[in-house]
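Please examine the sequence and the structure shown below. The paragraphs that follow lead from the charged pairs to the nonpolar interior.

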Amino acid sequence: MAILLGIDPGSRITGYGVIEEVGVHCRYVASGCIRLQEGSLPERLARIFQGINTIIETYHPQSVGIEQVFMARNADSALKLGQARGAAIVAAVNHGLDVSEYSARQVKQAVVGKGGAEKTQVQQMVMAILNLEQVPQADAADALAVALCHSHTRASLIRMAGATGRRNGRLLSR
């Protein structure tokens, strides 16, 4: 069993999703958003850093998956997104956690089965995979999708490496 944290970074809203790997299945633990409507960019980055710290201290994940920056039409928005990602990554690394990065296309492919999926499709599949009773808010659903993608990728790497299982969070090899 491993606890994984998925992060969907944003300079206004940063989504987070926490799941637990139980065998080959994933169980929902928590999700939500760090909302950053007011303040200068440095103040918002500090709140992202503090928020991710609090989430890590609350749920004790073993590793983190985060969405990569996509190149938007607006370079200023892309730079702010990159800075938000940086604040989240530094928070995770300060806790000694490994951070894996995934493109939006990889996340959608892992969760929906097609890289060009719409946000509503991602929300519906996250709800179905994690047996949620209601559709999560879009940014939280995206973060849960990142966590699920991270879980699938880790499982694939374990299979390719020939590991036979886990004990106390460590891989057991053949």
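Does Glu-20 count as buried or exposed? In this predicted model, Glu-20 counts as buried, because its relative accessibility is 11% and the limit for buried residues is under 20%. Glu-20 forms a salt bridge with Arg-27, and the closest N and O atoms of the pair are 2.5 Å apart. Arg-27, by contrast, is partly exposed, with a relative accessible area of 43%. This pair therefore joins a buried acidic residue to a partly exposed basic one.

The search of the whole structure finds 5 salt bridges, and the pair just described is one of them. Another is formed by Glu-21 and Arg-154, whose closest N and O atoms are 3.0 Å apart. Glu-21 belongs to strand β2, whereas Arg-154 belongs to helix α5, which spans residues 138-161, so this salt bridge ties together parts that are 133 residues apart in sequence. Both partners are on the buried side of the cut-off: Glu-21 has a relative accessible area of 10%, and Arg-154 counts as buried at 17% relative accessibility.

Helix α5 also takes part in a further salt bridge, in which the side chains of Lys-119 and Asp-142 meet at 2.3 Å, N to O. Lys-119 lies in helix α4 (residues 119-129) and Asp-142 in helix α5, so the parts tied together here are 23 residues apart in sequence. Asp-142 counts as buried, at 8% relative accessibility, while Lys-119 is partly exposed, with a relative accessible area of 45%.

Attention now turns to the nonpolar interior. The largest nonpolar core has 22 residues, and those with the most contacts inside it are Leu-5, Ile-7, Val-18, Ile-48, Ile-52 and Ile-55. At least two residues of this core come from each of β1 (2-8), β2 (13-22), β3 (25-35), α1 (41-59), β4 (63-67) and α2 (75-94). Helix α1 supplies the largest share, 6 residues. Strand β2 thus contributes to this core and also holds Glu-21, the partner of Arg-154.

Which residues does Ile-48 touch, leaving aside those up to four places away in sequence? The contacts of Ile-48 are with Gly-10, Thr-14, Ile-34, Leu-36, Ala-84, Ala-87 and Ala-88. A second core, separate from the one above, has 18 residues, including Cys-26, Leu-132, Leu-144 and Val-146.

Key: Residues are numbered from 1 along each chain as its sequence is written. This is a predicted model: local features need pLDDT of at least 70, side-chain atom pairs count only at pLDDT 80 or more; totals for chains, interfaces and linings use all residues. Side-chain values use heavy atoms; hydrogens and water are left out. A nonpolar core is a set of buried Ala, Val, Leu, Ile, Met, Phe, Trp, Tyr and Cys residues joined through side-chain atoms within 4.5 Å. Buried means under 20% relative accessible area, exposed over 50%, partly exposed in between (1.4 Å probe, protein chains only). Helices (H or I, at least four residues) and strands (E, at least two) are DSSP runs, numbered from the N terminus. Contact means heavy atoms within 4.5 Å. A salt bridge is a side-chain nitrogen of Lys or Arg within 4 Å of a carboxyl oxygen of Asp or Glu.
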